[in-house]
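Work through the exercises below with the sequence and the model open. Each task is followed by a solution in steps.

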Amino acid sequence: MTRYGNVQVQITVKNGKITAAEVLQVPWNDRHDQMINSAAVPVYNQEAVSAQSAQIDVVSGATYTWDGYTQSLQSAIDQANL
């Protein structure tokens, strides 16, 4: 949960590695949310796979999304026992 809404991340794991990350839910309430998240989410998804962890860089202007994304990502990583 973020100030602007929920963020939910799903990961795909193959042979103990994150092979994909995708957002199932992200704030999309208005044009501002849509502008920020349409730019930030693909970067976060790519960084999650590259980093193989929730230790990813924040995209400028998308701090709340980053906070929710990294919390959900860490939960998914924990559930996958990585």
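Over residues 3–80 the chain is 49% helix and 21% strand, and the C-alpha atoms at the two ends of this stretch are 27 Å apart. The UniProt record, an unreviewed entry, lists residues 3–80 as "domain: FMN-binding". The model is predicted.

**Exercise 1. Describe how helix α1 packs on helix α2.**

Solution.
- Step 1. Locate the helices: α1 covers residues 31–51 and α2 covers residues 63–79.
- Step 2. Take the geometry. The two helices pack at an angle of about 35°, and their axes are 11 Å apart. The crossing is right-handed.
- Step 3. List the contact residues. Helix α1 contributes N37, V41, Y44, N45 and A48, while helix α2 contributes T65, W66, Y69 and L73.
- Step 4. Sort them by type. The contact of α1 with α2 has six nonpolar residues, three polar ones and no charged ones.

**Exercise 2. Classify the aromatic pairs, given that ring centres must lie within 6.5 Å and that planes over 60 degrees apart count as edge-to-face.**

Solution.
- Step 1. Count: the rule yields two aromatic pairs.
- Step 2. Take Y4 and Y64. Their ring centres are 5.2 Å apart and their planes stand at 75°, so this pair is edge-to-face.
- Step 3. Place this pair in the chain. Y4 belongs to the segment before β1 (8–14) and Y64 to helix α2, so the pair ties together parts that are 60 residues apart in sequence.
- Step 4. Check exposure. Y4 has a relative accessible area of 42% and is partly exposed; Y64, at 41%, is partly exposed.
- Step 5. Take Y44 and Y69. Their ring centres are 5.4 Å apart with the planes at 45°, so this pair is tilted.
- Step 6. Place the second pair. Y44 sits in helix α1 and Y69 in helix α2, so the pair ties together parts that are 25 residues apart in sequence.
- Step 7. Check exposure again: Y44 and Y69 are both buried.

**Exercise 3. Is N45 buried or exposed, and which residues does N45 touch?**

Solution.
- Step 1. Find N45 in helix α1.
- Step 2. Apply the cut-off. The relative accessible area of N45 is 15%, and buried means under 20%, so N45 is buried.
- Step 3. Leave out residues up to four places away in sequence; N45 then touches A21, E22, V23 and Y69.
- Step 4. Compare with Exercise 1. N45 and Y69 are also among the residues that make the contact of α1 with α2.

**Exercise 4. Is Q46 buried or exposed, and how many Å apart in space are Q46 and Q8?**

Solution.
- Step 1. Q46 also lies in helix α1.
- Step 2. Its relative accessible area is 58%, and exposed means over 50%, so Q46 is exposed.
- Step 3. From C-alpha to C-alpha, Q46 and Q8 are 15 Å apart in space, with their positions 38 residues apart in sequence.

**Exercise 5. Where do N15 and N81 lie, and what is the phi of N15 and of N81?**

Solution.
- Step 1. Recall the background: most residues other than glycine have a negative phi.
- Step 2. Take N15. Its phi is near 50°, a positive value. N15 is in the loop between β1 and β2 (17–25), and is exposed, with a relative accessible area of 78%.
- Step 3. Take N81. Its phi is positive, about 60°, although N81 is not a glycine. N81 lies in the segment after α2 and counts as exposed at 68% relative accessibility.

Definitions and conventions
Residues numbered from 1 in each chain as written. Predicted model: local features only at pLDDT ≥ 70, side-chain atom pairs only at ≥ 80, totals over all residues. Heavy atoms only, no water. Axes fitted to C-alpha atoms, helices over the stretch in contact; angles between N-to-C directions. Helix = DSSP H or I, 4+ residues; strand = E, 2+ residues; numbered from the N terminus. Left-handed = near helix turned anticlockwise from the far one by under 90°. Contact = heavy atoms within 4.5 Å. Nonpolar A, V, L, I, M, F, W, Y, C, P; charged D, E, K, R; others polar. Phe/Tyr/Trp six-rings, centres within 6.5 Å; stacked < 30°, edge-to-face > 60°. Buried < 20%, exposed > 50% of the residue type's maximum accessible area, 1.4 Å probe, protein only. UniProt positions renumbered as here; feature names shortened; annotations may be inferred.
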